[in-house]
Amino acid sequence: MISSRKLVSLDWAMKKILRSKANFGILEGFLSELLFEDIKVTEILESESNKEHERDKHNRVDLKVKNTKNEIIIIEIQFESEYDYFQRILFGASKAVCEQIEASMNYEEINKVISINIVFFDLGQGEDYIYKGITTFTGLHKHDQLQLSKRQKKEFKKNLPHDLYPEFYVIKVNQFDDIAKDTLDEWIYFLKNEEVKRGSKAKGLKEAQKKLAILKLSDKQRQLYERYLDAKRDAQSIASTYRIDIKWERARGREEGREEGREEGQKMGEEKKTIEMIKKCLDEKLDIKLIATLTGLSEKKIKKLEESL
């Protein structure tokens, strides 16, 4: 049975519903509220980072689109905590830049990339729940901001250097207090609670309420969604169990380590438990990158273990 939620989660919708041109209005509404401008999506783009593979990625969902200004917008949802997630954000944006380059292209043809990261864990340290990052050039002596020349402004139709560089957004959903103070907050409320707050006026939310209603899914879509929710819950449960197991194993290992001759046994025991955990994760079809994050082993070692099973 699906829970009492009335609407499907945005991560599933991005994979199964929002890729249809008929449903662009939902995505455009969210982007318009976040970027404070009227966004129109022209097409869904594909890359190695957002193609569906044999194993569904339970920990992230990529949606890569282009708007009417030819800007590339990446939306990624992340549920499990990752120590190096800031670097992953950088890699994703850099890859989106590089994917645009062809041998005959000039640098001026590179379109701006906007990276939107919706996270359900406490990333970094800060009190807010929405953060924006841009690139600026500050003088070391005069402390002035480097500007574009008049010719560059005319040629690129941009005002500042950061208008040319990737722009980053981090939305820390769990840090939102459920009090919607503006239309953007109404979208954050939806992301957190998977329902539209009564009286919401944000762009795209009425359409989301209409088209993402669980009761309006076809039988096949509902079955797919149920399986997706089950898989996501299993992945989160496995990750949580593994963290608890590791915590207790380390505590027990420290205690046993005081006794002579136990150190090697402790090491073998932890390795055995790690292998068993990897096997279980593979059986649950978790993404190898997530398994590597949970276990601390390299993706290469995990793939090698997978081949031996």
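In this predicted model, F30, W187 and F190 come together as one aromatic cluster. One of these residues, F30, is among the buried residues of helix α2, a list that also includes F24, I26, L27, L31 and L35. Helix α2 covers residues 24–35, and its 12 residues reach 16 Å from the first C-alpha to the last, close to the 16 Å expected at 1.5 Å a residue. Because 11 of the 12 residues of α2 are buried, this helix is largely enclosed by the rest of the structure. Charged residues belong to that buried set too, including E28 and E33. After α2 comes F36, whose phi is positive, near 60 degrees.

Helix α5, made of residues 183–193, contains E186, which counts as buried because its relative accessibility is 11%, under the 20% limit that defines the term. Although E186 and A202 are 16 residues apart along the chain, their C-alpha atoms are separated by 6.4 Å.

Helix α3 can be read in a similar way, starting with its length. Its 14 residues, 85–98, should span 20 Å at 1.5 Å a residue, and the end C-alpha atoms are indeed 20 Å apart, so the expectation and the model agree. The residues of α3 that are buried are Y85, R88, I89, A93 and A96. Seen down the helix axis, these buried residues fall within an arc of 130 degrees, and therefore they line one face of α3. On the face turned away from that buried side, the helix carries the exposed residues Q87, F91 and C98.

From α3 the path leads on to the salt bridges, of which R88 makes one: its side chain meets that of E76, with N and O 2.9 Å apart. Since R88 lies in helix α3 and E76 in strand β3 (residues 72–78), the pair ties together parts that are 12 residues apart in sequence. Both R88 and E76 are buried. Elsewhere, salt bridges that share partners join E37, K69, E71 and K158 into one network. Within this group, E71 is bridged to K69, their closest N and O atoms being 3.7 Å apart; E71 counts as buried at 5% relative accessibility, whereas K69, at 44%, counts as partly exposed.

The structure holds 12 salt bridges, and another of them brings together the side chains of E43 and K66, at 3.9 Å from N to O. As E43 lies in strand β1 (residues 41–45) and K66 in strand β2 (residues 60–67), this bridge ties together parts that are 23 residues apart in sequence. Here E43 is partly exposed, with a relative accessible area of 35%, while K66 counts as buried at 18%.

The aromatic pairs, counted by ring centres within 6.5 Å, come to 6. One of them joins F137 and Y165 edge-to-face, with 5.7 Å from centre to centre and 70 degrees between the planes. Because F137 lies in the loop between β5 (130–133) and α4, and Y165 in the loop between α4 and β6 (167–172), the pair ties together parts that are 28 residues apart in sequence. F137 is partly exposed, with a relative accessible area of 33%, and Y165 is partly exposed as well, at 35%. These two residues, together with L146, F156 and L164, make a nonpolar surface patch of about 410 Å². F156 belongs to helix α4, residues 150–156, and is partly exposed, with a relative accessible area of 30%.

Definitions and conventions
Residues are numbered from 1 along each chain as its sequence is written. This is a predicted model: local features need pLDDT of at least 70, side-chain atom pairs count only at pLDDT 80 or more; totals for chains, interfaces and linings use all residues. Side-chain values use heavy atoms; hydrogens and water are left out. Helices (H or I, at least four residues) and strands (E, at least two) are DSSP runs, numbered from the N terminus. The expected span of a helix is 1.5 Å times one less than its number of residues. Buried means under 20% relative accessible area, exposed over 50%, partly exposed in between (1.4 Å probe, protein chains only). The arc is that of the directions from the helix axis to the C-beta atoms. Patches are made of residues with over 30% relative accessible area and no salt bridge: like charges are joined within 9 Å, nonpolar side chains (Val, Leu, Ile, Met, Phe, Trp, Tyr) within 5 Å. Accessible areas come from the Shrake-Rupley method with a 1.4 Å probe; for residues, only the protein chains shown count as cover. A salt bridge is a side-chain nitrogen of Lys or Arg within 4 Å of a carboxyl oxygen of Asp or Glu. Rings of Phe, Tyr and Trp (its six-membered ring) pair if their centres lie within 6.5 Å; planes under 30 degrees apart count as stacked, over 60 as edge-to-face and the rest as tilted.
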